[in-house]
Amino acid sequence: MYAQMIKSEATQDDPEKLAAFQARIDAGEKIEPKDWMPEGYRKTLIRQIGQHAHSEIVGQLPEGNWITRAPTLERKAILLAKVQDEAGHGLYLYCAAETLGVSRDEITEMLLDGRMKYSSIFNYPTLNWADIGAVGWLVDGAAIMNQVPLQRTSFGPYSRAMIRICKEESFHQRQGYDAIRKMAEGTPEQKKMAQDALNRLWYPSLMMFGPSDKDSVHSAQSMAWKIKMNTNDELRQKFVDQTVPQAEYLGLTVPDPDLKWNEERGHYDYTDPDWSEFFDVIKGNGPCNVDRLAARNKAWDDGKWVRDGLLAHARKKAARKHAAE
Amino acid sequence: MTREDAFTQFLLQMGDNTLILGHRVSEWCGHAPVLEEDIALANTALDLIGQTQMWLGLAAEVQGDGKSADDLAFLRDAWDFRNVLLVEVPNEDFGRTLMRQFLFDAWHSIQLGRLMKSSDERVAAIAEKASKEVAYHLERSADTVVGLGDGTEESHRRMQEALDYLWPYAGEMFQSDEADAEMVKAGIAPDPASLREEYDTLVSRVLTEATLTIPESRFAHKGGRTGAMHTEHLGHLLTQMQWLQRAYPGAKW
């Protein structure tokens, strides 16, 4: 769930065209880039796919933070493979967004100057090695909750990107759980690291699903368009129900004293995250917002000469080929 | 030096080169100039770490004292490392990172080609697997060196500066000692000096296309592959890489 608080655009298109468009979606047809679509649908999707893509890119930073300190060669290799997958996800998603008429450079600039967001979760730090396990287990676990239903989303390129991404994400989630299990079953210090990671990342993971349905004003239109498949609270509940037994199996304590199974509902009752903290993070006041954005800006600025150089070479080569013909 | 010691030293040279370079390349994660480069750098680092598992795994087996590849990677001090100095120098800008990669890949691909004919089947098998990955590394680093050398004025200047800085580190890959002589005698590995001609031809072809000038001096820093004297940089790299294993001895990860 790398897209949060996506504002759906009001749409002022021809009512007949709109009705026909909605009928296609209701019939389960896929909308392809060359098809007619309401301007609001296009803009909302750009925002949503863009935010997801940016999350994959910024998400490299908290994991990259531990690649050089990974404790074994195997863990280092797994983490490198995972980060490589994530950069690849970013690439497919930027391509999906490009089919809607926005270039990768434009959308990147919007991330770098703060006009577009990425998931709030990546504004939290990774402080010990168990965080890397917890990111796979909780963060990728939460992402999968949202992305599995999005495989059925109405926009063809987005749906196809999700099918590919979900396969890799489920591997990420399993390796994360395996890494944290090793810690939870390890020495007292390792167990302490695992518990510390869960303590810090539990509520930020719940926040990934976005605010409660009663405060989420943008859902109805996006759900009608099938670019949002479930409500925030439905997915959050599903995540809690799946994750609590896993934490129990690991012998770790979820940092929620009021967490308990509700026989009647058939679900866990849990404490909501502190939404004022969530809105602070969204506004730029999370623990790492400034540093994450600065790191991405630095990479982009420092890389300018490389992009310019390679482009200049490609042009020279094309000109030489042309002259030779 | 016994044959077994020479063989261990050779395997450590191969594995430490890939370990230390893989570590350096992995430092780029999330900071590359363009998304495709993030993917390519992570992919290169991943290949190198995978090769490390094989070389150091075999080194541990040959040593036969119950150590693992991880013990060798995470619990030796700098003086026991046998990588060439080239791979431990810091990344600096993307130009130096890719020039270092190219100078190494060119040697690595020639070396692995020879090792595929090693009298030791295990060495030949690792070389065979690694050579496929390294062929791609070389293709990519050579293309990038050409693209940036023959790009803009700034990219050309930066690549020439990278080459001037790194060239004195290239020669160490071709230095031979008694351990190498032992490996040649056993048919396990080629004499490093015998790779130089092919290397010079390859490197000169690519750098000419990149419009870059190879420095005239053949002076070569040395001390990495014998362990006699590493750079100051290696110790810092190890403090980071080995930290968890050192801080929590005996833990399983």
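α2(A) passes α5(A) in a right-handed crossing, where right-handed means that the near helix is turned clockwise from the far one by less than a right angle, and left-handed that it is turned anticlockwise. Helices here are DSSP runs of H or I with at least four residues, numbered from the N terminus. The model is a predicted one, in which local features need pLDDT of at least 70 and side-chain atom pairs count only at pLDDT 80 or more, while totals for chains, interfaces and linings use all residues. Residues are numbered from 1 along each chain as its sequence is written, chains are lettered from A and ligands numbered from 1 in the order in which they are written, and side-chain values use heavy atoms, with hydrogens and water left out.

**Helix packing**

Three helix pairs are set out below, with angles that run from 0 to 180 degrees between N-to-C directions and axes that are lines fitted to C-alpha atoms over the stretch in contact.

| Helix pair | Angle | Axes apart |
|---|---|---|
| α2(A) (residues 39–58) and α5(A) (residues 104–112) | about 70 degrees | 11 Å |
| α4(A) (residues 73–98) and α2(B) (residues 35–63) | about 160 degrees | 9 Å |
| α7(A) (residues 156–184) and α10(A) (residues 232–250) | about 30 degrees | 10 Å |

At its angle of about 70 degrees, the pair α2(A) and α5(A) is therefore roughly perpendicular, given that angles of 65 to 115 degrees count as roughly perpendicular, those under 35 as roughly parallel, those over 145 as roughly antiparallel and the rest as oblique. On the α2(A) side the contact is made by A:Ile46, A:Gly50, A:His54 and A:Val58, and on the α5(A) side by A:Ile107, A:Thr108 and A:Leu111, where contact means heavy atoms within 4.5 Å. These residues divide into four nonpolar, three polar and no charged; Ala, Val, Leu, Ile, Met, Phe, Trp, Tyr, Cys and Pro count as nonpolar, Asp, Glu, Lys and Arg as charged, and the others, Gly among them, as polar.

Between the chains, α4(A) and α2(B) pack at about 160 degrees, which makes them roughly antiparallel, and their crossing is left-handed. The residues of this contact divide into 13 nonpolar, six polar and four charged; among them are A:Leu80, A:Gln84 and A:Tyr94 in α4(A), and B:Ile39, B:Leu46 and B:Gln53 in α2(B).

Within chain A, α7(A) and α10(A) are roughly parallel to each other. In this contact A:Gln173, A:Tyr177, A:Ile180, A:Arg181 and A:Ala184 of α7(A) meet A:Gln242, A:Gln246, A:Tyr249 and A:Leu250 of α10(A), a set with five nonpolar, three polar and one charged residues.

**Pocket and cavities**

Empty space is searched for on a 1 Å grid over the protein atoms alone: a cavity is a set of points where a 1.4 Å probe fits but cannot get out, a pocket is an open set with protein on both sides within 12 Å along at least five of seven lines, and lining residues have an atom within 4 Å of a point. Grid points are joined across faces, edges and corners, and a volume is the space filled by probe spheres set on the points.

The largest pocket has a volume of about 550 Å³, and of its 32 lining residues A:Ala295, A:Lys298, B:Glu27, B:Trp28 and B:His31 lie nearest its centre. Its lining takes its largest share, seven residues, from α12(A), and by class has 14 nonpolar, eight polar and 10 charged residues.

There are four cavities of 30 Å³ or more, and the largest holds about 150 Å³ of space. It is lined by 16 residues, with B:Gln13, B:Trp107, B:Gln111, B:Pro192 and B:Arg225 closest to its centre. α1(B) gives the most to this lining, with four residues.

Technical notes
Helices (H or I, at least four residues) and strands (E, at least two) are DSSP runs, numbered from the N terminus.
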